[in-house]
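Biologist: Could we go through this structure together? I should like to begin with the place where the chains meet.

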Amino acid sequence: MFNKILAHQYKDILFKFQSLLALVILCFALGMMTDIFFTSANLLNVMRQISVNICISVGMTLVILTGGIDLSVGSILALSGAIAAGLLKFGLEISFFDTFIGFTLIGAILAGVLTGTSLGAFNGLVITRFKVPPFVATLAMLTIARGFTMLYTKGYPISGLGPKFSYFGTGWFLAIPVPVWISLIVVLIAIVITKKTRLGRYIYAIGGNESAASLSGINIKKIKITVYAIAGGLAALGGIIVTSRLDSAQPNAGSSYELDAIAAVVIGGTSLSGGKGTIGGTVLGAIIIGVLNNGLVLLNVSPFWQQVIKGIVILLAVIIDKSNSKTNE
Amino acid sequence: MLVAKNISKSFSGIMALDKVNLEIHAGKVNAIIGENGAGKSTLMKILSGVYSDYSGEILFNGKTVRFSNPKEAQDAGIAIIHQELSLIPQLSISENIFLGREVSNFLGALDQKKMRAKTEELLLKLKLDLHPDTPVYRLKVGQQQVVEIAKALLIDSQVIIMDEPTSAISDHEIDVLFGIIKELRGQNKAIVYISHKLDELFKIADRYIVLRDGISIESGEIRGMNKNDIIQKMVGRNVEIIGNSISSNATDEILTVKGLNLKPKGSSKSGMLRDISFHLKKGEILGIFGLMGAGRTELLETLFGLHPNISTGEVYVAGQLVSIKRPFEAIKAGLALVPEDRKKDGLVLELDVRTNISLTVLDQIETLGFINENKENGLAEKYISDLAIKTSSKKQLAKNLSGGNQQKIVISKWLATYPKILLLDEPTRGIDVNAKNEIYKLIISLAKKGLGIIMVSSELTEILAISNRIIVMSEGFITAEIPITEAKEENILQAAIPKSI
């Protein structure tokens, strides 16, 4: 029995080690093949690029841990970014009451994040109250939120948001890009939530066995709505970063970002059926995707091939994960 | 006809089977007996081709065989009927029987006519009076089992392995099944029969093979053996059978139920409750007996708030009228439910022992919004030692524990809420004899500590062994209330049999 546990833990460590090893080998290879991969400018650039995906992936991890999925994060990112940008630039004009509300920087950002959180909560409500499968509910939200983005922006980018707003996407703090700090804080909070709080426990319990969790007195609906709200809020945060970096809210921002997020979660070893996985794994997954993207660009690989290669990496990661869990049984 | 020699199989370094020898005879019902974890399932999976990486040799009709997948085993003539049936509900009987072996006509299209005719022939043989086009979801569990047997006969299996075939079917269906088994035996087929229910083995089996801790202990003719002999071989020592020694000093009523009704779901009649009234005293063990569909489980579920919108009636806990509409409120009122299916409803198998135990009381072991790990570890350690849970550590995953120890975890997580009333639904289902006795002792000691306990069970021996009072249910009604001193198998069964048949 004792041997079995040791073997189990050993395998566990081995798996984490495997992804890490893959990352190290990848970096090493890129360092050999290109001159600029290991320059601090490039590495910081990679980190800046993945910070958005990390924010989204963290929320996605929580959703997937409960056994769900969220396809709407890309659209929520776009709408939240657009609303933050729009409110900052034009304010809110309610012609019916003949009032105008101007927004400060913080106010606009909060409104954007609040938009994402509300849409996420709405996802959760539809899923729990009306028993719509998460795939369908969030697929609907994917097009609804995108539609509203188009309506709000009338199909044109909202640009020229000022240097203060740009700080969130392009600024530096202690020699590290601000978006990296943001994603770091998000990751730390998420780790604490999953490991140390009741919410985290309930998320794992629901994903592992919803029926047992419910009988234990856990309010399944409340937890699920919370989790989808967090996913929406983090997508919105990603939207703020993207908008700030481009100094412009693009109506088609964030399309297919949900796929990169799901890929990061899956490469990170989280089970799509829920109950198993870690935030740390997801971060590793996001870094692997980011480094891969960066490397392929540095190597001048055509964008078409990039997509093919990314897909193959996702497949390989899942296949290795599966064969590992098989030998664990 | 089927001989296994020195079969060994290990999982990540743990021996599941250690040089097991076994002989399956044609024209006999061969019973495989052993506690949970003795290696029965592993052995069956090897015989039926699920596991191919084992050491040792299997001889089938004198020839060495090694199946690399279940299909090869089936083609050779070894069929297995799993505890969880593997039919596809939306397909018809005929489609299920021919699944993977469809007959085509010369155009390559399916020859429905031929398959239907063959199905009819098989069903006739098995005395199942159903049309081949009936979709399987309309069938009762017992009938589905017969379809599985038909599937095995279609491929002319010489060996038919049945894993706990009676665990989910009614007495009448058991009789039908036994009739079929006897007929198959008459046709010189070898039946391998796995069951926990020792009484059944004496009714149906010809030979026995005892496994214990992955080692084959003994085999022989079942004639001339008695129950205690077998139990002794299974556990390797004498097991005391607990009598009811509790003197009911219970006085205070802890639970009173008045006029509880539950509307049926859909059009089916079973599973409803009709005008249920009873009471439970502190320190009392109230046994509830009933056949399948009598409403036993539904009664516990309704008390626990799982059917809020379709139930009516009054429930008093310690004299206070309570309104319970969801599990959270039930827990607050002092109720705890140990569900019938611990893997499906009781445990999160992928989480560890500690996390499962603390799941019900996380709000009480928080410090400043964070889970206090010291308190949580203390809680887990307390129950692991109090209930003598056998686990390598509190961080072991629940799925790696045996059935009896898993059940103890479920009981622990409820004791952690300090309930006044413990509702137990089939607390010893799928647990071996030894662990059963431990669970009985635990239940009795909890009652002595002042808990009111309701135990639903379909095992009469268990009800008789530890209850203070017995309520019998049938078709949603309480049909009898019997003090333990007057309770006998006969009067309980009489009250349990539906009158409308």
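**Where the chains meet**

Modeller: Certainly. Lys196(A) and Glu373(B) form a salt bridge through their side chains, at 2.7 Å from N to O. Please keep in mind that this is a predicted model.

Biologist: How many salt bridges are there across the interface of chain A and chain B?

Modeller: The rule finds four salt bridges across that interface. For polar contacts, the count between chain A and chain B is nine residue pairs, with both residues at pLDDT 80 or more.

Biologist: Which helices of chain A supply residues to the side that touches chain B?

Modeller: Helices H1 (2–33), H7 (178–196), H8 (198–208), H9 (210–215) and H13 (303–328) of chain A each supply at least two residues to that side. H8(A) gives the largest share, with six residues. By kind, the residues on the side of chain A that touches chain B are ten nonpolar, twelve polar and six charged.

Biologist: And how much area do the two chains bury between them?

Modeller: Chain A and chain B bury about 2600 Å² between them, and 58% of this is on carbon and sulfur atoms. On the chain A side, the residues that lose the most area to chain B are Arg198(A), Arg201(A) and Leu215(A), which together make up 26% of what that side buries. In terms of contacts, 28 residues of chain A meet 37 residues of chain B.

Biologist: Let us change topic. Is strand S13 of chain B enclosed or open?

Modeller: S13(B), residues 285–290, is largely enclosed by the rest of the structure, because six of its six residues are buried.

Biologist: Which residues lie on each side of S13(B)?

Modeller: Ile285(B), Gly287(B) and Phe289(B) are on one side, while Leu286(B), Ile288(B) and Gly290(B) are on the other. In a regular strand, side chains alternate between the two faces of the sheet.

Biologist: What are the strands joined to S13(B)?

Modeller: Five bridges join S13(B) to S20(B), residues 452–457, and the two run parallel. Another strand, S21(B), residues 469–474, is also joined to S13(B) by five bridges and runs parallel to S13(B). Gly287(B) has Met455(B) as its bridge partner in S20(B), and stands opposite Ile470(B) in S21(B).

Biologist: One last residue: is Gln144(B) buried or exposed?

Modeller: Gln144(B) is buried, because its relative accessible area is 17% and the cut-off for buried is under 20%. This residue lies in helix H5 of chain B, residues 141–154.

Biologist: What does Gln144(B) touch?

Modeller: Leaving aside residues up to four places away in sequence, Gln144(B) touches Leu85(B), Leu87(B), Val136(B) and Leu139(B).

Methods. Residues numbered from 1 in each chain as written. Chains lettered and ligands numbered in written order. Predicted model: local features only at pLDDT ≥ 70, side-chain atom pairs only at ≥ 80, totals over all residues. Heavy atoms only, no water. Helix = DSSP H or I, 4+ residues; strand = E, 2+ residues; numbered from the N terminus. Buried < 20%, exposed > 50% of the residue type's maximum accessible area, 1.4 Å probe, protein only. Contact = heavy atoms within 4.5 Å. Pairing = 2+ DSSP bridges. Buried area = accessible area lost by both parts, 1.4 Å probe. Polar contact = N/O pair within 3.5 Å; in protein donor to acceptor, adjacent residues only side chain to side chain. Nonpolar A, V, L, I, M, F, W, Y, C, P; charged D, E, K, R; others polar.
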